[in-house]
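Here is a short report for a first look at this structure. Keep the sequence and the 3D view side by side while reading.

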Amino acid sequence: MALSAFDLYSVGIGPSSSHTVGPMRAAKTFVDGLVAAGTVDEVCRVRSQLFGSLGATGHGHGSDKAVVLGLQGEDPETVDTGSTEARIADARSRHTLRLNGTRSIHWDPDADLVMHRRKSLPAHPNGMQFEAYDAQGEVIASHVYYSVGGGFVVNEEAAGADRVVLDDTKVEFPFTSGAELLAICEREGCSVADVMMRNELAWRTADEVRSGMLHLWSVMRDCVQAGIGHEGTLPGGLKVPRRAPELHRELTRGALRDDPLRVMDWVNLYALAVNEENASGGRIVTAPTNGAAGIIPAVLHYYVNFVPDADDDGVVRFLLAAAAIGILFKENASISGAEVGCQGEVGSACAMAAGGLAEVMGGTPPRVENAAEIGIEHNLGLTCDPVGGLVQIPCIERNAIASVKAINAARLAVNGTGVHTVSLDKAIKTMRDTGRDMSVKYKETARGGLAVNVIEC
């Protein structure tokens with residue numbers, strides 16, 4: 001089993017990788033299976049059921065809309081984000097679903113898209129079941145899928161064996177722990193980014209890896225610019241105002257231009273811009289999730305704009321080193337807020353960004369590992385309690401805070417000795433254990449924390 005950096009980073013739409021991107025991919029996978037089996041023309045009805053966290057907060061996360069788009073054959077990376085709302089409204093009003101974009105079937109949104117708020121499937125909190133029926137009401141196909149974080153989707157069989165995407169590709173330097181990664185770096189005399197690059201060659205050429213990473217960086221930059229340019233309030237009942245445009249004006253033309261801490265404000269701006277776009281259903285890069293999508297772009301912008309001699313090669317090295325850290329979280333714990341709380345999303349992204357920045361600041365592999373450990377250690381226990389089930393409060397500000405924290409973690413590690421008491425492996429294990437002990441009401445269900453206390457106020 002192997003994971004590529006491109007498994008952790010993917011282009012999708014907001015507001016959630018596990019609740020939006022994952023369900024869209026699962027629905028499309030189900031329809032693609034009908035097409036491959038040659039049975040799609042027999043389908044007269046499709047029933048979709050969302051369980052656990054998907055059912056509890058799915059409306060606020062757009063899970064219901066994502067399922068409809070996936071059944072229509074849309075993919076998160078290519079779907080036209082400007083037309084999604086109109087298409088969903090049309091399907092609801094006409095009670096018609098264009099399966100795979102071609103076959104029109106009757107669709108009752110109340111009966112055919114069920115959100116179970118208190119019922120879960122056994123393998124993961126983010127479970128889905130899709131059923132296709134023929135004209136006589138007989139089941140043509142029925143499949144269960146789990147959205148396990150970061151847009152990853154596995155079927156029922158894979159969920160029972162291994163919750164990560166199964167890939168038998170043989171990489172040059174397989175590793176499943178931080179200790180193994182550091183041992184490889186020491187033995188080969190190379191950096192963390194070098195190890196990842198040589199592993200990526202199992203799937204792509206070096207030029208393809210570089211161009212792919214720079215494409216992801218371009219999507220991140222475009223997302224920041226879109227967030228700066230969009231005024232108004234975010235969708236949903238909270239009416240949260242967009243802050244990125246005004247903060248940008250203050251930094252470029254206002255009082256913050258000469259503020260001695262303006263670098264911190266710029267980092268805040270980058271994170272806010274991305275996560276406000278994510279909350280609006282815009283195009284983002286899962287890094288490693290949508291809920292934490294602003295952290296790596298914010299820290300990368302800091303690197304490019306404020307670190308001397310920054311260049312595209314550094315951007316590639318940053319993303320590769322960060323991906324190595326992300327793989328450790330994915331394989332040994334979780335990046336799903338519904339499974340371990342926000343420590344698995346914002347915490348892992350903070351660790352990834354800290355490790356990536358330490359890499360391009362000249363940090364040795366032990367210092368990169370130390371930076372990542374600092375990044376997650378000070379996010380342990382972080383709950384996922386989205387107010388109103390929306391990826392807005394406290395999610396957007398949380399990305400800004402974690403971005404600054406990641407920069408500080410990298411600086412602490414690079415300017416230190418590289419020797420530390422708590423290893424990254426121990427911190428990841430602690431995160432996993434803490435997530436298991438955490439009450440379900442703090443795991444993306446909107447039944448605890450700020451999600452209930454803000455409403456009560």
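## Charged pairs

D433 is partly exposed, at 25% relative accessibility. Here buried means under 20% relative accessible area, exposed means over 50%, and partly exposed lies in between (1.4 Å probe, protein chains only). This is a predicted model, where local features need pLDDT of at least 70, side-chain atom pairs count only at pLDDT 80 or more, and totals for chains, interfaces and linings use all residues. Residues are numbered from 1 along each chain as its sequence is written, and side-chain values use heavy atoms, with hydrogens and water left out.

D433 forms a salt bridge with R432. R432 is partly exposed, at 23% relative accessibility. A salt bridge means a side-chain nitrogen of Lys or Arg within 4 Å of a carboxyl oxygen of Asp or Glu. Side chains of opposite charge can pair when their charged atoms come close. By the salt-bridge rule, the count comes to 19. The table lists three of these pairs with their N to O distances.

| Salt bridge | N to O distance |
|---|---|
| R45 and D112 | 2.7 Å |
| R92 and D64 | 3.4 Å |
| R432 and D433 | 3.5 Å |

R45 and D112 meet in a salt bridge. R45 lies in strand 2 (residues 45-50) and D112 in helix 6 (residues 109-112), so the pair ties together parts that are 67 residues apart in sequence. Helices (H or I, at least four residues) and strands (E, at least two) are DSSP runs, numbered from the N terminus. R45 is partly exposed at 30% relative accessibility, while D112 is buried at 3%.

R92 and D64 also meet in a salt bridge. R92 sits in helix 5 (residues 84-94) and D64 in helix 4 (residues 63-71), so this pair links parts that are 28 residues apart in sequence. R92 counts as partly exposed at 31% relative accessibility. D64 counts as buried at 5%.

Salt bridges can also share partners. E172, R187, E188 and R198 are joined into one network in this way.

## Nonpolar cores and a surface patch

A nonpolar core is a set of buried Ala, Val, Leu, Ile, Met, Phe, Trp, Tyr and Cys residues joined through side-chain atoms within 4.5 Å. The largest such core has 108 residues. Y9, M213 and I296 have the most contacts inside it. Helix 14 (residues 312-332) gives the largest share of this core, 13 residues. M213 touches A5, F6, Y9, V316, L319 and L320, leaving out residues up to four places away in sequence. Contact means heavy atoms within 4.5 Å. A second, separate core has 31 residues, including V67, V79, I88 and L99.

On the surface, I393, L450 and V454 make a nonpolar patch of about 200 Å². Patches are made of residues with over 30% relative accessible area and no salt bridge: like charges are joined within 9 Å, and nonpolar side chains (Val, Leu, Ile, Met, Phe, Trp, Tyr) within 5 Å. Accessible areas come from the Shrake-Rupley method with a 1.4 Å probe; for residues, only the protein chains shown count as cover. V454 lies in helix 20 (residues 450-456). V454 is partly exposed, with a relative accessible area of 38%.

## A hairpin

Strand 3 (residues 96-99) and strand 4 (residues 103-106) pair in the antiparallel sense over four bridges. Two strands pair if DSSP finds at least two bridges between them. T96 stands opposite H106 in strand 4. The two strands form a hairpin with three residues between them. N100, in the turn, has a positive phi of about 60°. Side chains alternate along strand 3: L97 and L99 point to one face and are buried, while T96 and R98 point to the other and are not.

## Three buried residues

N126 lies in the loop between strand 5 (113-115) and strand 6 (127-133). N126 is buried, at 0% relative accessibility. Beyond neighbours within four places in sequence, its contacts include S18, F51, Y145 and S336.

A56 lies in helix 3 (residues 52-61) and is buried, with a relative accessible area of 10%. A56 touches H116, R117, T445 and R447, not counting residues up to four places away in sequence.

E359 lies in helix 16 (residues 346-360). E359 counts as buried at 4% relative accessibility. The C-alpha atoms of E359 and V40 are separated by 49 Å, with their places 319 residues apart along the chain.
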